Amino acid sequence: MEARMKSVASPDLITAIQHLQKAIHAGGVDPLVLELVHLRASQINGCSPCVFAGVQTAKKHGETEERLHSVVAWREAPFFTEEERAALALTEAATRIQDGAPGVTDEIWDAAVTHFDEKQMSAIILNIALTNFFNRINHTIREPAGKTW
């Protein structure tokens, strides 16, 4: 598969994304939690370049193969903390908003705010949104997995 375009990113867009990434990582969330969030949203959206990049980045942060292979079935896997489960549930609910899906219910929200303060919640929500942004661009231009950005 070949991409339809080389890039949709202008220098201004790249700068804006860098600022968003900086804000996300300044939110005080464990980088591995952010990577799990990115990976799960990308799995849901079927974004192969983001799944590929998410796995690679998570490995650089020390994530194990066992957990990476289990993210897609995190509810049934014993490898995730309650904090990670809350972030993954929030990710799924915020990503699956089509066709009448309930979205982020009070139950999901309450579980997340039990583990994360407002600054951390902001970082996670922004990370979910930015991941979905990348997923949609990659789908549109048919970006292949394995590219080094």
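A residue is called buried here when its relative accessible area is under 20%. By that criterion, 39% of the 149 residues of the chain are buried in this predicted model.

The secondary structure is simple to describe. Seven helices are present, with zero strands, and the order along the sequence therefore reads α-α-α-α-α-α-α. The C-alpha trace extends about 40 × 35 × 30 Å along its principal axes. A compact globule of 149 residues would have a radius of gyration near 15 Å, and because the chain has 15 Å, it agrees with that expectation.

Contacts across the sequence add to this picture. Of the contacts with a separation of 6 or more, 70% join residues that are 24 or more positions apart. On the outside, the accessible surface amounts to about 8,500 Å², and carbon and sulfur atoms hold 56% of this area. The chain carries 14 positive and 19 negative charges, and the mean positions of the two sets lie 10 Å apart.

The interior can be followed through its nonpolar cores. The largest of them has 14 residues, and V29, V33, V37, L90, F116 and I124 have the most contacts inside it. Two or more residues of this core come from each of α2 (31-45), α5 (82-95) and α7 (118-141). Helix α7 gives the largest share, five residues. A separate core of ten residues lies apart from this one, and its members include L36, A58, L68 and L88.

V37 offers a closer view of the packing. Which residues does V37 contact, leaving aside its neighbours within four places in sequence? They are A87, L88, T91, I124, N127 and I128. Among these partners, I124 is also one of the residues with the most contacts inside the largest core, as is V37 itself. L88, another partner of V37, is instead listed in the core of ten residues.

Away from V37, a polar residue can be examined in the same manner. S70 is part of helix α4, which covers residues 65-70. Is S70 buried or exposed? Its relative accessibility is 13%, so S70 counts as buried, the cut-off being under 20%. Beyond its neighbours within four places in sequence, S70 is in contact with A77, F79 and F80.

Key. Residues are numbered from 1 along each chain as its sequence is written. This is a predicted model: local features need pLDDT of at least 70, side-chain atom pairs count only at pLDDT 80 or more; totals for chains, interfaces and linings use all residues. Side-chain values use heavy atoms; hydrogens and water are left out. Helices (H or I, at least four residues) and strands (E, at least two) are DSSP runs, numbered from the N terminus. The radius of gyration is taken over C-alpha atoms; the globule rule is 2.2 Å times the number of residues to the power 0.38. Buried means under 20% relative accessible area, exposed over 50%, partly exposed in between (1.4 Å probe, protein chains only). Contact means heavy atoms within 4.5 Å. Accessible areas come from the Shrake-Rupley method with a 1.4 Å probe; for residues, only the protein chains shown count as cover. Lys and Arg count as positive and Asp and Glu as negative; His and the chain ends are not counted. The place of a charge is taken as NZ of Lys, CZ of Arg, CG of Asp or CD of Glu. A nonpolar core is a set of buried Ala, Val, Leu, Ile, Met, Phe, Trp, Tyr and Cys residues joined through side-chain atoms within 4.5 Å.
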